[in-house]
Amino acid sequence: EYIYYGNYYFRNMIIPKKRKDTCRHQLYSAILDIPCFITGLIIVVTQIHRKRYMESLKLLTIQEKRSYHPHHSTLYHFGLLLIDIPYVILAVIVTITLWRSYFMWREFLEADTAEKKKDAIWNNFWCVMLDIPTALAGSIVFIFVWNAKEMYHEYYNVENSLERRAIVFYYLYKTTINIPYIICFILSLWRIPQLYKEIVNEETKNDKNTLTLWYCSMALLDIPCLVCYPVVYFSWNYSKLKEELNVSKYSGKH
């Protein structure tokens, strides 16, 4: 395009000075074309400023396209890209880690501005940094059951990745606070299976801390009862005890 218009003007110009200006302009444009082509290609490949860069070229008039405006626009957006090099490095790191790569590129390509694209890179980079400790924290919460149900529901009601990780660490904190109740859970001994069923049961309306204290106390009371049971077994009160135990069993009392 430049060569065509340059030749056209060159053939129709009479004043020598204008011919020299046209030749000088074409020479400078040719010199700038190669580095601007390379930098423009880099802008398009890195995607961060691609949309804004392409829009700036489309807005140029025919007269502006004949001048140095395309070169100015290319170099300007390449300068912005140089400032954003840290984000490019972070994007490469996230891509290498693989497990966050898909989510980052999905958010990146859906973003319609450079700022949103950079936010997608930044958020997913921190997710990569937090993934391993988050996995450990989540495993601890699920192992101790205590806050697993609440954490699971809240985790999947949030879309932001960083907020999800904050939720996991919050429930790890809550689990730490509940350590006395967890100790009581362990001391429930043979009553643990039944206690576990009630804790994870969606229909259970009782507070799990209260349930745990109750089951733990019942387990501790079971020990002297087991000691006394053989004595009662060989006494005349065993038949009455057996009836009461059967009534307790079918009435749902523990």
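## A walk through an all-helix model

N147 is buried, with a relative accessible area of 2%. That makes a handy starting point for a tour of this predicted model. You will find N147 in the loop that links helix 8 to helix 9. Setting aside residues up to four places away in sequence, N147 touches V141, Y171, K174, T175, N178 and K208. Under 20% relative accessible area is the cut-off for buried, so a value of 2% puts N147 in that class.

Let's step back to the whole chain. The protein has 14 helices and zero strands, and reading along the sequence gives the pattern α-α-α-α-α-α-α-α-α-α-α-α-α-α. There are 254 residues, of which 31% count as buried. If you take the contacts between residues at least 6 apart in sequence, 64% of them join residues at least 24 apart.

Before going further, a word on confidence. The mean pLDDT of the protein is 78, and 80% of the residues reach 70 or more. Among the elements, helix 10 (residues 161–177) has the highest mean pLDDT, 89, while helix 1 (residues 2–12) has the lowest, 45. Over residues 1–15 the pLDDT is below 50, yet this stretch has 19 contacts in the model beyond near neighbours in sequence. Where pLDDT is low, the predicted coordinates should not be read in detail.

Now back to the two helices on either side of N147. The axes of helix 8 and helix 9 come within 8 Å and cross at roughly 135°. This crossing is neither over 145 degrees, as roughly antiparallel would require, nor between 65 and 115, as roughly perpendicular would, so helix 8 and helix 9 are oblique to each other. On the helix 8 side the contact involves G138, V141 and F142, which meet A148, M151 and Y152 of helix 9. Sorted by type, the residues of this contact are five nonpolar, one polar and no charged. V141 appears here in the contact with helix 9, and V141 is also one of the residues that N147 touches.

Follow the chain past helix 9 (148–156) and you reach V158, in the loop before helix 10. V158 has a relative accessible area of 17% and is therefore buried. Not counting residues up to four places away in sequence, V158 touches E163, R164 and I167.

Which residues make up the largest nonpolar core? The core has 10 residues: I48, L90, A91, V94, M104, F108, A114, I121, F125 and V128. Helix 6 (85–97), helix 7 (101–110) and helix 8 (114–143) each supply at least two of them, and the largest share, four residues, comes from helix 8. F125, a member of this core, is in contact with L90, I93 and V94 once neighbours within four places in sequence are left aside.

Two of the helices that feed this core also meet each other directly. The axes of helix 6 and helix 7 come within 7 Å and cross at roughly 135°, so helix 6 and helix 7 are oblique to each other. Here A91, V94 and T95 of helix 6 make the contact with S101, M104 and W105 of helix 7. These contact residues divide into four nonpolar, two polar and no charged. A91, V94 and M104 take part in this contact, and the list of core residues includes A91, V94 and M104 as well.

The loops around helix 6 are worth a look too. Just ahead of helix 6, in the loop that follows helix 5 (69–83), sits D84. Is D84 buried or exposed? Its relative accessibility is 5%, so D84 counts as buried. Neighbours within four places in sequence aside, D84 is in contact with I48, H49 and K118; among these, I48 belongs to the core described above.

On the other side, in the loop between helix 6 and helix 7, is L98. L98 has a positive phi of about 70° although it is not a glycine. With 65% relative accessibility, L98 counts as exposed.

Another leucine to inspect is L189, in the loop between helix 11 (179–187) and helix 12 (192–200). The phi of L189 is near 50°, again a positive value in a residue other than glycine. At 40% relative accessibility, L189 counts as partly exposed.

Definitions and conventions
Residues are numbered from 1 along each chain as its sequence is written. This is a predicted model: local features need pLDDT of at least 70, side-chain atom pairs count only at pLDDT 80 or more; totals for chains, interfaces and linings use all residues. Side-chain values use heavy atoms; hydrogens and water are left out. A nonpolar core is a set of buried Ala, Val, Leu, Ile, Met, Phe, Trp, Tyr and Cys residues joined through side-chain atoms within 4.5 Å. Buried means under 20% relative accessible area, exposed over 50%, partly exposed in between (1.4 Å probe, protein chains only). Contact means heavy atoms within 4.5 Å. pLDDT is the predictor's confidence in each residue, from 0 to 100. Axes are lines fitted to C-alpha atoms, for helices over the stretch in contact, and angles run from 0 to 180 degrees between N-to-C directions. Angles under 35 degrees count as roughly parallel, over 145 as roughly antiparallel, 65 to 115 as roughly perpendicular and the rest as oblique. Ala, Val, Leu, Ile, Met, Phe, Trp, Tyr, Cys and Pro count as nonpolar, Asp, Glu, Lys and Arg as charged, and the others, Gly among them, as polar.
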